[in-house]
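Work through the exercises below with the sequence and the model open. Each task is followed by a solution in steps.

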Amino acid sequence: MSMSGAEYLASIYGTEKDKVNCSFYIKTGACRHSERCSRKHNKPQYSQTVVMQNMFVSQQNSAKSADGSHLGNLSDHEIQEQLEYFFEDVFLECEEKYGEIEEMCVCDNQCDHLRGNVYIKFRREEDAVKAAEDLNNRWYMFRPIYCDLCPVADFREACCRQFEMGQCGKGGFCNFWHVKPISHHLQNQLARWSRSRHKHQSQSRSRSHDKPSEKHADKNHYRSRSRSRDRDRRDRRGRY
């Protein structure tokens with residue numbers, strides 16, 4: 001049974017056969033050609049996902065030397081700790097202010113269009129729209145945040161499968177996401193905090209009176225426990 005013209009176009013949308021729309025932009029939310037790309041980058045008006053471009057800056061992903069000498073004596077533990085402090089800050093801030101987060105990741109690529117990109121998928125489209133509008137008026141670590149709605153619906157499709165298996169020959173210059181992993185410990189802590197927060201919100205909505213001082217009790221308790229780990233946080237001036 002042959003397909004109609006509309007059905008055929010829908011079947012090839014975002015694939016290599018699509019000569020009109022950029023498949024890399026649709027799959028990963030970024031393209032190395034940027035506005036010079038010969039194919040269209042159709043920015044969505046509504047999406048569950050936002051991207052904060054080049055937001056995460058570390059000594060590792062701002063590498064200047066091929067031999068790694070720019071890292072000095074920075075240990076793997078310190079590099080991971082820097083990522084997890086950043087991840088926790090952004091996750092807690094965005095979930096509290098904008099809405100429930102389904103997924104979040106930070107890119108480890110070295111190419112300009114993906115380096116340090118932060119992708120967040122909210123449970124509701126309206127929360128993502130609100131986040132994109134608000135975050136463009138905010139700063140993090142003395143740098144402005146550049147946030148857009150993103151067409152990526154499936155994070156698995158955007159990730160480099162070869163990188164996940166330790167076999168990507170393109171290294172940091174791959175055009176698919178090389179995601180910086182966070183520890184299971186942090187994953188579990190954030191998941192517990194998120195579940196507790198939304199359970200508390202549901203209970204609060206069912207009550208006619210809610211004490212303001214109790215509104216963020218769970219979050220404050222989580223933050224105080226989390227930030228006593230290993231060492232105190234860096235000076236937070238300039239963040240948000």
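**Exercise 1.** Find the cysteine sulfur closest to that of C22, and decide what keeps the two from being bonded.

Solution. In this predicted model, the closest cysteine sulfur to that of C22 belongs to C31, at 3.9 Å. A disulfide needs the two sulfur atoms within 2.5 Å, so the C22 and C31 sulfurs are too far apart for a bond. C22 has a relative accessibility of 5% and therefore counts as buried.

**Exercise 2.** Apply the steps to C160, then state how many disulfides the structure holds.

Solution. The sulfur of C168 is the closest cysteine sulfur to that of C160. The distance is 3.8 Å, which is too far for a bond. C160 is buried, its relative accessible area being 3%. For the structure, the number of disulfides is zero.

**Exercise 3.** Describe the largest nonpolar core: which residues have the most contacts inside it, and which elements supply it?

Solution. The core has 31 residues, and M52, C94, I120 and F122 have the most contacts inside it. At least two residues each come from the strands β1 (49-52), β2 (101-106), β3 (118-122) and β6 (147-150), and from the helices α3 (76-97), α4 (125-135) and α7 (184-205). Helix α3 gives the most, with seven residues.

**Exercise 4.** List what M52 touches, leaving out residues up to four places away in sequence.

Solution. The partners of M52 are V90, C94, G116, N117, V118, I120, L135, I145, Y146 and C147. Separate from the largest core is a second one of 13 residues, including C105, C111, L114 and C159.

Conventions. Residues numbered from 1 in each chain as written. Predicted model: local features only at pLDDT ≥ 70, side-chain atom pairs only at ≥ 80, totals over all residues. Heavy atoms only, no water. Core = buried A, V, L, I, M, F, W, Y, C linked by side-chain atoms within 4.5 Å. Buried < 20%, exposed > 50% of the residue type's maximum accessible area, 1.4 Å probe, protein only. Helix = DSSP H or I, 4+ residues; strand = E, 2+ residues; numbered from the N terminus. Contact = heavy atoms within 4.5 Å.
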